[in-house]
Amino acid sequence: RNIVKFLSEVHSTTDGRFEVFLRFVAGLSSSRSAWILEEFLGPFPHQTICRVIGWVKEKVKRRAGNTRSEADKRRLLNTLHYLFESQNPTLAQQTLGSVETLSFIEQTLTPIDCAVLSHVIRLCDTIKHLDLTSCRIQCEGLQRLGLALHKCQDLG
């Protein structure tokens, strides 16, 4: 079965039931993660890993400039989780290399979401504006974001 078609099918569900699965699959594209699991699951074909990386790349690029609605913000955040799980700095730079602004106004951010944002911001030198107005970030989330906030010129 075609992995890209399968990922697209499960990604198209709107109730979020496959989000953890999609993050897991994105994580399998990381050589570090795949190496650990190969003992139990067998080797992952290189072509499949490349297809998963391509799928993540396409999703992040599509979502990066679209944060008008609450749903758009949540979708972007979910795709940033895929990027985080891939542990692929080159992929992060390719997909977010032209993005200057990330806006998550009124989107509740968990400490894990903050860790993902911190990771992405640290990998990309182009993100200058970060708007987290009314995101209800708790102390732990601020601690996780703190590692990257110095890279942004404008915080909201």
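Helices are runs of at least four residues, and strands runs of at least two, in the DSSP assignment, numbered from the N terminus. On this basis, the predicted model of the protein contains eight helices and three strands. Their order along the sequence is α-α-α-α-α-α-β-α-β-α-β.

The overall dimensions of the protein were examined next. The C-alpha trace spans about 45 × 30 × 30 Å along its principal axes. The radius of gyration is 16 Å, which agrees with the value near 15 Å that a compact globule of 156 residues would have. Of the contacts in the protein with a separation of 6 or more, 75% are between residues 24 or more positions apart in the sequence. Of the 156 residues, 40% count as buried. The protein exposes about 8,600 Å², and carbon and sulfur atoms supply 54% of this area. The protein carries 20 positive and 16 negative charges, and the mean positions of the two sets are 5 Å apart.

The packing of individual helices was then considered, beginning with helix H6, which comprises residues 89–96. Four of its residues, Leu-91, Ala-92, Thr-95 and Leu-96, are buried. When H6 is viewed down its axis, these buried residues fall within an arc of 105 degrees, and they therefore line one face of the helix. An α-helix has 3.6 residues a turn, so residues three or four places apart point the same way. The cover over the buried residues of H6 includes helix H4 (46–64), helix H5 (70–86) and helix H7 (111–123).

Two of these covering helices, H4 and H7, each provide a residue for closer description. Val-56 belongs to helix H4. Its relative accessible area is 1%, and because residues under 20% count as buried, Val-56 is classed as buried. Beyond its neighbours within four places in sequence, Val-56 is in contact with Ala-26, Tyr-82, Leu-83 and Leu-91. Leu-91 is also one of the buried residues of H6. By contrast with these contacts, Ser-69 is 13 residues from Val-56 in sequence, and the C-alpha atoms of the two residues are 21 Å apart in space.

His-119 is situated in helix H7. With a relative accessibility of 14%, His-119 likewise counts as buried. When residues up to four places away in sequence are set aside, His-119 touches Phe-84 and Gln-87.

How values were computed
Residues are numbered from 1 along each chain as its sequence is written. This is a predicted model: local features need pLDDT of at least 70, side-chain atom pairs count only at pLDDT 80 or more; totals for chains, interfaces and linings use all residues. Side-chain values use heavy atoms; hydrogens and water are left out. The radius of gyration is taken over C-alpha atoms; the globule rule is 2.2 Å times the number of residues to the power 0.38. Buried means under 20% relative accessible area, exposed over 50%, partly exposed in between (1.4 Å probe, protein chains only). Contact means heavy atoms within 4.5 Å. Accessible areas come from the Shrake-Rupley method with a 1.4 Å probe; for residues, only the protein chains shown count as cover. Lys and Arg count as positive and Asp and Glu as negative; His and the chain ends are not counted. The place of a charge is taken as NZ of Lys, CZ of Arg, CG of Asp or CD of Glu. The arc is that of the directions from the helix axis to the C-beta atoms.
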